[in-house]
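Q: I'm new to this structure and would like a close look at a single part of it. Could you pick one helix, walk me through it, and then show me what surrounds it?

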Amino acid sequence: MNAIDAPEQRAAQVSSAELKASGSVPILLLFASAAVWLLPAWLLALVCSLKFHIPGLLAAEPMLSYGRLRAASDTALLYGFGVPAALATCLWLLCRQGRARLAAPAVAAVGAVFWNFAVAGGLWGILRGAGTGYEAFEIPRALAPILLLSYILIGLCGIITFHHRQAGPLYPAQWFVLGAIFWFAWIFSTAAMLLLWEPARGVLQASVNWWYENNLGTVFLGFAGLAPIFYFIPKLTGRPLHSRYLAAFAFWLLALFGSSGGMPDGAPLPSWMIGVSVAGTVLTLIPILAVGLNLYLTARDTPSTVDASPSLGFFWAGLIFWIIAGAQQVAGALPGVGSLTNFTWFGVAQRDLFRCGFFAMTMFGAAYYIVPRLADPRCNWPEGLWRAGLIKLHFWLTLAGTLIGYVSLLAAGVWQGVALDNAANPFGSVMRSTLMAIRMSTLAPLLLFIGAAVFLVNFALLLKSRGCGCRREKSSTCESPKEAA
Amino acid sequence: MNSGPMLFLGLFASMAVSWATFILAPQLQLGNLAPAKTVSVSSVPVDYPNNLPGMARLGAEVYRASGCAYCHTMQVRPATLGSDLARGWGIRRSVAQDYIFDQPVLLGTQRIGPDLANAGMRMDATAMLTRLWDPRILQDDSVMPSYRYLFDVRRIGRAPSSNALVTPRQFAAPEGWEIIPRTPALALAAWMSNSRQDKYLFEAPPPAPAAGTNAPGTNAAPAGAIHAPAK
């Protein structure tokens with residue numbers, strides 16, 4: 001079936017404006033909180049990075065020690081920004097593609113509020129030394145149930161919305177959305193159970209932690225970022241998705257292989273675990289290529305209207321970074337490479353590229369499309385804002401920050417890995433020699449922080465544009481006439 | 001792919017595969033590891049590992065709370081991977097058996113500093129405390145931050161305290177003041193001193209003897225030294 005990924009073609013039983021307005025409160029709340037959390041996330045990362053310039057910096061202040069700052073920065077990025085932004089996008093896509101009103105928006109809003117309180121408390125706790133110590137799962141023990149419950153509240157609204165969708169074929173974006181919503185609940189509850197409530201014995205804690213971190217990144221953030229890519233790239237380029245079958249193929253392989261990875265080679269685990277993990281990670285190359293090919297073939301003959309939407313650039317950048325980050329993960333899992341690059345900045349570079357380059361970029365693109373439509377259902381296009389160039393500024397700041405951080409940390413990682421492989425090179429002097437690159441990467445959180453501030457300004461402007469500054473009648477090229485009606 | 005329930009079932013199945021492989025199966029294999037007899041050609045096998053003293057347990061919590069694991073791993077890779085053993089970070093690779101009494105188990109994913117699985121075999125508590133106060137005292141090219149908040153700097157009373165940290169002049173407290181490690185610092189030092197994977201096990205045997213010697217091979221574990229859970 002040559003599916004045209006345009007829900008507008010379905011008969012509209014729910015009026016367009018009503019549909020757009022439904023769920024605007026929880027979705028805007030989630031987006032707004034995500035935007036706000038980016039500021040502390042990158043500010044903390046900046047201070048962290050500054051410690052490589054002055055090792056004695058803030059040494060007397062326990063709350064600002066390197067380890068705690070890094071844990072807090074990760075938490076703010078993943079749980080403050082990542083999950084809420086992913087949920088907001090997912091909920092909106094479920095409403096939009098299912099042509100259904102958001103179920104129980106009040107419940108979702110309550111969930112969003114509690115989630116944010118829990119993240120705030122968690123961040124404070126981590127800085128005070130109550131973090132769990134498990135990477136990407138640092139939220140203090142007492143707050144994990146609140147996070148899980150608020151997530152379930154929001155997720156349930158999504159599932160019920162999905163249940164009330166209008167009959168018809170499911171779109172690829174809907175598969176990814178549903179996958180993301182289920183996946184997080186599963187992995188978070190497993191990790192909370194086996195790390196916090198009934199801690200597993202010994203090294204199993206490490207394997208649960210790695211499993212969680214890998215699933216959180218590759219599958220949850222991956223699906224939540226790919227969903228808008230699969231929805232918006234065909235929509236904004238005006239081309240039908242090239243192949244629905246290829247999308248399904250990639251989706252299932254990603255679910256299967258993407259979820260089996262994350263165990264570092266040489267870890268004190270049974271070797272079959274590492275073998276399965278390496279095989280799974282290497283095989284993710286197939287879905288990565290399938291997704292890339294599918295979207296490339298979709299947009300190959302795009303007419304010159306591409307520039308019309310500010311969101312599209314974010315999605316393309318996100319997709320390209322997703323492919324690079326995925327390919328790097330595959331490369332790092334190869335036995336010959338992994339023995340060099342494990343435990344170096346190589347992995348950090350990959351992770352940052354995935355989180356900032358792919359995931360955050362995609363969420364920004366989605367927010368720039370969704371927020372003005374929710375803020376004012378009759379509004380078609382925030383043209384004034386686009387001309388002001390603030391979105392462009394945000395795009396370039398994020399792109400520059402991501403690239404500078406990526407290139408410098410990748411160089412540091414490769415250098416460190418190769419140099420350390422020779423035991424004749426003393427550890428200290430190797431670390432010293434990577435300092436130049438690490439110090440250069442300080443620019444990354446700085447640029448990203450400024451970008452996040454611009455994003456917040458844009459966000460406020462988009463909300464303020466409610467009822468003014470929008471040209472209602474003039475439909476822009478990227479909107480179908482029906483939607484403008 | 002057009003039916004909601006089928007989509008859900010498919011997702012459930014792929015999640016279940018991942019969960020069964022990486023959570024359930026290892027739990028069944030390793031979940032009940034108990035101390036095992038060590039493998040040794042020269043001495044009587046003993047139970048390994050031993051439970052940790054209280055101060056070291058507290059130190060593990062300080063290790064967690066300070067985020068030490070963001071820069072230090074606690075896992076030595078086998079000789080075929082990297083230079084861990086050649087650097088003297090251990091006498092053998094780390095295995096699951098080494099961690100059964102640790103809580104929380106923070107193996108780490110990045111080495112900005114050296115591996116600490118065997119820190120206790122390289123450093124004593126004093127060296128550890130000195131490094132916490134200022135790592136550049138012992139190693140002038142260290143990139144590790146100082147952890148001064150783990151110490152009290154106080155005026156010397158009638159006589160200098162016996163537990164005051166001794167440092168070179170340029171790192172010392174001002175004249176008339178002394179540096180006293182606080183409990184978290186002492187606990188961390190105790191935890192580090194207890195970090196020693198210094199026993200050979202069936203799954204982590206002593207290195208094979210160099211070719212051309214008559215020393216007995218050790219890869220074939222002697223009878224009675226087989227990895228067996230202590231009952």
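A: Let's take helix α6 of chain A, which is mostly covered: 19 of its 26 residues are buried. Keep in mind that this is a predicted model. The helix runs over residues 172-197. At 1.5 Å a residue it should span 38 Å, and its end C-alpha atoms are 36 Å apart, so the expected and modelled lengths agree.

Now for the partner chain. The contact between the chains takes 70 residues from chain A and 64 residues from chain B. On the chain A side, several helices give two or more residues, including α3 (66-98), α6, α7 (204-237) and α13 (345-375). Of the elements there, α6(A) gives the most, with 7 residues. By class, this side of chain A has 40 nonpolar, 21 polar and 9 charged residues.

Next, look inward. The largest nonpolar core has 218 residues, and those touching the most other members are Phe31(A), Cys90(A), Leu91(A), Ala180(A) and Ala227(A). The largest share of this core comes from α13(A), with 21 residues. As background, nonpolar side chains tend to be buried together in soluble globular proteins.

Cys90(A) is a handy way back to our helix. Leaving aside neighbours within four places in sequence, Cys90(A) is in contact with Val177(A), Ala180(A) and Ile181(A), among others. The list also includes Gly158(A), Ala224(A) and Ala227(A).

Stay a moment with α3(A), where you'll also find Ala85(A). Ala85(A) counts as buried because it has 27 C-beta neighbours inside 10 Å. Not counting residues up to four places away in sequence, Ala85(A) touches Phe31(A), Ala34(A) and Met363(A). Ala85(A) and Ala35(A) are 50 residues apart along the chain, yet their C-alpha atoms are separated by 8.2 Å.

You can play the same game from helix α2 (residues 24-50) of chain A, which holds Pro40(A). With 21 C-beta neighbours inside 10 Å, Pro40(A) counts as buried too. Pro40(A) sits 33 residues from Ser73(A) in sequence, but the two are 7.1 Å apart in space, C-alpha to C-alpha.

Stepping back, how does our helix fit into the whole chain? Chain A has 18 helices and 0 strands. Of its 485 residues, 61% count as buried. Among contacts in chain A with a separation of 6 or more, 86% are between residues 24 or more positions apart.

For another helix to set beside α6(A), try α17 (residues 443-464) of chain A. Its 22 residues should span 32 Å at 1.5 Å a residue, and the end C-alpha atoms are 31 Å apart, which agrees. The buried residues of α17(A) include Phe449(A), Phe455(A), Asn458(A) and Phe459(A).

Finally, peek at two loops between helices. Leu58(A) is in the loop between α2 and α3 of chain A, and its phi is near 55 degrees, a positive value in a residue other than glycine. Phe343(A), in the loop between α12 (335-341) and α13 of chain A, also has a positive phi, near 70 degrees. Most residues other than glycine have a negative phi. Leu58(A) is partly exposed, with 19 other C-beta atoms within 10 Å, whereas Phe343(A) counts as buried, with 26 C-beta neighbours inside 10 Å.

Terms used. Residues are numbered from 1 along each chain as its sequence is written. Chains are lettered from A and ligands numbered from 1 in the order in which they are written. This is a predicted model: local features need pLDDT of at least 70, side-chain atom pairs count only at pLDDT 80 or more; totals for chains, interfaces and linings use all residues. Helices (H or I, at least four residues) and strands (E, at least two) are DSSP runs, numbered from the N terminus. The expected span of a helix is 1.5 Å times one less than its number of residues. A residue is buried if 20 or more other C-beta atoms lie within 10 Å of its own, exposed if 12 or fewer, and partly exposed in between; C-beta atoms are placed from the backbone. Two residues are in contact if their C-beta atoms, placed from the backbone, lie within 7 Å. Ala, Val, Leu, Ile, Met, Phe, Trp, Tyr, Cys and Pro count as nonpolar, Asp, Glu, Lys and Arg as charged, and the others, Gly among them, as polar. A nonpolar core is a set of buried Ala, Val, Leu, Ile, Met, Phe, Trp, Tyr and Cys residues joined through C-beta atoms within 7 Å.
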